[in-house]
Amino acid sequence: MTVGSDNELEGQIAEWRAYMDRRRELHRPDADELEDHLRGRIADLTGAGLRPDEAFLIAVKRMGSLDELSREFAREHSERLWKQLVLPAEPDPPAAARSRRDLPVMLLCAALAAVAIKVPGLFGVDMEEDDTRFYALNLSLFALPPMAAYFAWKRQVGVRVVAVLAALFAVGGVAANAYPLAQESQSIALTAIHLPLALWLAVGVAYVGGEWGESRRRMDFIRFTGEWLIYFVLLGLGGGVLMAFTAGTFEAIGVDAQVAIFQWVLPCGAMAAVTVAAWLVEAKQSVIENMAPVLTRVFTPLFAVALSAFLVAVVWTNNGIDIERDVLIIFDLLLVVVLGLLLYAISARDLAAPPGLFDRLQLALVVSALVIDAMVLVAITGRISEWGFSPNKTAAVGENLILLTNLAWSAWLFLAFVRGRAAFARLELWQTRYLAAYGAWAWTVVLAFPLVFRFA
Amino acid sequence: MRITKDLVAASATPLVLGILAEGQSYGYAILRQVDELSGGQLEWTEGLLYPLLHRLERLGHVDSAWETPDGGRRRKYYRITEQGRAELAAQRQQWAAVVETLRGVWSATQFVRPMPALLWEVGG
């Protein structure tokens, strides 16, 4: 056998091996084993006088079709068709030391959050008493800093980023507690809603490791947010089951566990779950399919149908929208949902793919949401002077305008894309840049609204 | 003569265990041995052999180890376990019973030949 034909044979085997490695049913050791088998047969055949390339062809032919082979393997190893999150995952040797510490660090951060929520209790700020206001305002200040710390550690951020994070959380803390808000102030609810949003973007700074200007990193943060939400809800459901069983079993032996559950398990567990969910998203991101885009695929057509039906109903019955106090909130939430559907469709999309049916559906969804919202805004402008500008209404109108702006420009970019006049990447860029607008608005509500409305 | 798929599948486990009972071996060598022992009449595919080996390993009848002979390539060797030997003994008894029964049937009919056509069918 000459050196040339030997090299050729190695090349052919490597090519065959590449096909094998693409099969999920065949793990690396299996492919190694089969390669050894192939080589054994080739050696026999060349020993019997065949040329290496002939021997290779016959050996591969004897092994039968790869489909059939994988099917047989799949029958024995059916678990391989389900991707599993292995804890802890098999790390590459260089990263091993760090990823071994990943779990303890996460647990430390989660424990910190769990302990922190009980610390005010030591100073007489009880959850049961009238101090719910304190917890409503400060909840995110207990939950999010440990998570930000976890990401700061994981991304090995510099001093500058740590300083930015510390400053943001400090400002949040001041905003939540320094203003002398009136007891019945609407600003309490507004801060309780907007401070977590503002601080969530601060967590984003840690998540992207300080590379805040990078559009791709921002998109990663959007993806992370969707997955985190899903995992948090799942953990919440599991926690609910745990608490229900704990309460029930203890009741069976005549011990009332209500206080322990509502004072300790629920708050501490919820705080820790924030960090645990973040860690889960990180750990499984390359192992398991992202859920948010899957849900988006399912619900985009359904929402498109629902919104179109609503529009048809409005035209058919000629009913105007009944402008009541909370109607703006509902339509704000509708815009948030539509935006979410848009974002998570973008997050999973192959940017180079041509426009398809799903894109048109998405465009229809966004446009119908815009039409509905425009109707609401038209109806409401007449009433706003009548009501005056309370903090709640100003916040609701402001949010509506911010979301409307985003969706309107998105629809425009989408239209250009569907008609083949613009690249899809522009839409992604627009969405990732727009994150700054949400941050600015959330901070405005938290910091400026109490001042503007004189703590009303 | 081709041996049917069912029969190949049914005899695969005792064959593999029997071969491994004589000493450790690896996939290709097992396949070749089966080929030689059956005079080429038992056609085993890789899709039969390797999942079977993995199943036997999962059940604990064999265990495996990667070994690298001097100057050679890494190769996965299989060895029979105590449990595997017990399984082999059990399967041997079952097969002996089956073979015995078949032998009994065939000696009772003397030899196997096509049944003669029935009288009333011929006479029609």
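How many residues does helix 2 of chain A have, and how far does helix 2 reach from its first C-alpha to its last? Helix 2, residues 28–47, has 20 residues and reaches 28 Å, close to the 28 Å expected at 1.5 Å a residue. Please keep in mind as you read on that this is a predicted model.

**Helix 2 and the contact between the chains**

Let us stay with this helix for a moment. Its buried residues are A:D30, A:E33, A:L34, A:H37, A:L38, A:R41 and A:I42. An α-helix has 3.6 residues a turn, so residues three or four places apart point the same way. After helix 2 of chain A comes A:G49, which has a positive phi near 110 degrees.

Helix 2 also matters for the count of contacts with the partner chain. Between the chains, 17 residues of chain A are in contact with 14 residues of chain B. On the chain A side, the elements that give two or more residues are helix 2 and helix 4 (66–76). Helix 2 of chain A supplies the largest share of that side, eight residues.

**Domains and cores of chain A**

Chain A is divided into three parts: domain 1 covers 3–81, domain 2 covers 93–284 and domain 3 covers 291–423. Between the C-alpha centres of domain 1 and domain 2 of chain A there are 51 Å.

Which residues have the most contacts inside the largest nonpolar core? They are A:A113, A:M147, A:A148, A:A202, A:V203, A:A206 and A:V274, in a core of 82 residues. Helix 9 of chain A, residues 186–207, gives the most to this core, with 12 residues. Domain 2 and domain 3 of chain A each contribute at least three residues to this core. Another core, of 20 residues, lies apart from it, and includes A:L38, B:Y28, B:V34 and B:Y50. In soluble globular proteins, nonpolar side chains tend to be buried together.

For a closer look at one member of the 82-residue core, take A:V203. Leaving aside residues up to four places away in sequence, A:V203 touches A:L144, A:M147, A:A148 and A:F151.

**Three residues of chain A to compare**

The table sets out where three residues sit and how many C-beta neighbours each has.

| Residue | Location in chain A | C-beta neighbours within 10 Å | Class |
|---|---|---|---|
| A:Q156 | loop between helix 7 (132–154) and helix 8 (159–177) | 10 | exposed |
| A:A167 | helix 8 | 11 | exposed |
| A:E399 | helix 15 (residues 391–418) | 23 | buried |

Why does A:E399 count as buried? A:E399 has 23 C-beta neighbours inside 10 Å, and a residue is buried if 20 or more other C-beta atoms lie within that distance. A:Q156 counts as exposed because it has 10 such neighbours inside 10 Å, and the cut-off for exposed is 12 or fewer. The backbone of A:Q156 is worth a look too: its phi is positive, about 50 degrees, although A:Q156 is not a glycine.

Two pairs show how sequence separation and distance in space go together here. A:E399 and A:V205 are 194 residues apart in sequence, with 23 Å from C-alpha to C-alpha. A:A167 and A:A270 are 103 residues apart along the chain, and their C-alpha atoms are separated by 25 Å.

**The fold of chain B**

Chain B contains five helices and three strands. Along its sequence these follow the pattern α-β-α-α-β-β-α-α. Of the 124 residues in chain B, 18% are buried. Among contacts in chain B with a separation of 6 or more, 51% join residues 24 or more positions apart.

What is the order of the strands in the open sheet of chain B? The three strands are ordered 1-3-2, with antiparallel pairing. Strand 1 (25–26) and strand 2 (62–67) of chain B stand at the edges with a single partner strand each, so one side of each has no neighbour in the sheet. Strand 1 and strand 3 (residues 75–80) of chain B run antiparallel and are joined by two bridges. Within strand 3 of chain B, B:Y77 stands opposite B:Y26.

Two helices of chain B pack on this sheet. Helix 1, residues 5–21, touches strand 1, strand 2 and strand 3, and its direction makes about 95 degrees with that of strand 3 of chain B. Helix 3, residues 46–59, touches strand 2 and strand 3, and its direction makes about 115 degrees with that of strand 2 of chain B.

Note on methods. Residues numbered from 1 in each chain as written. Chains lettered and ligands numbered in written order. Predicted model: local features only at pLDDT ≥ 70, side-chain atom pairs only at ≥ 80, totals over all residues. Domains from an automatic or database assignment. Core = buried A, V, L, I, M, F, W, Y, C linked by C-beta atoms within 7 Å. Helix = DSSP H or I, 4+ residues; strand = E, 2+ residues; numbered from the N terminus. Contact = placed C-beta atoms within 7 Å. Expected span 1.5 Å × (residues − 1). Pairing = 2+ DSSP bridges. Axes fitted to C-alpha atoms, helices over the stretch in contact; angles between N-to-C directions.
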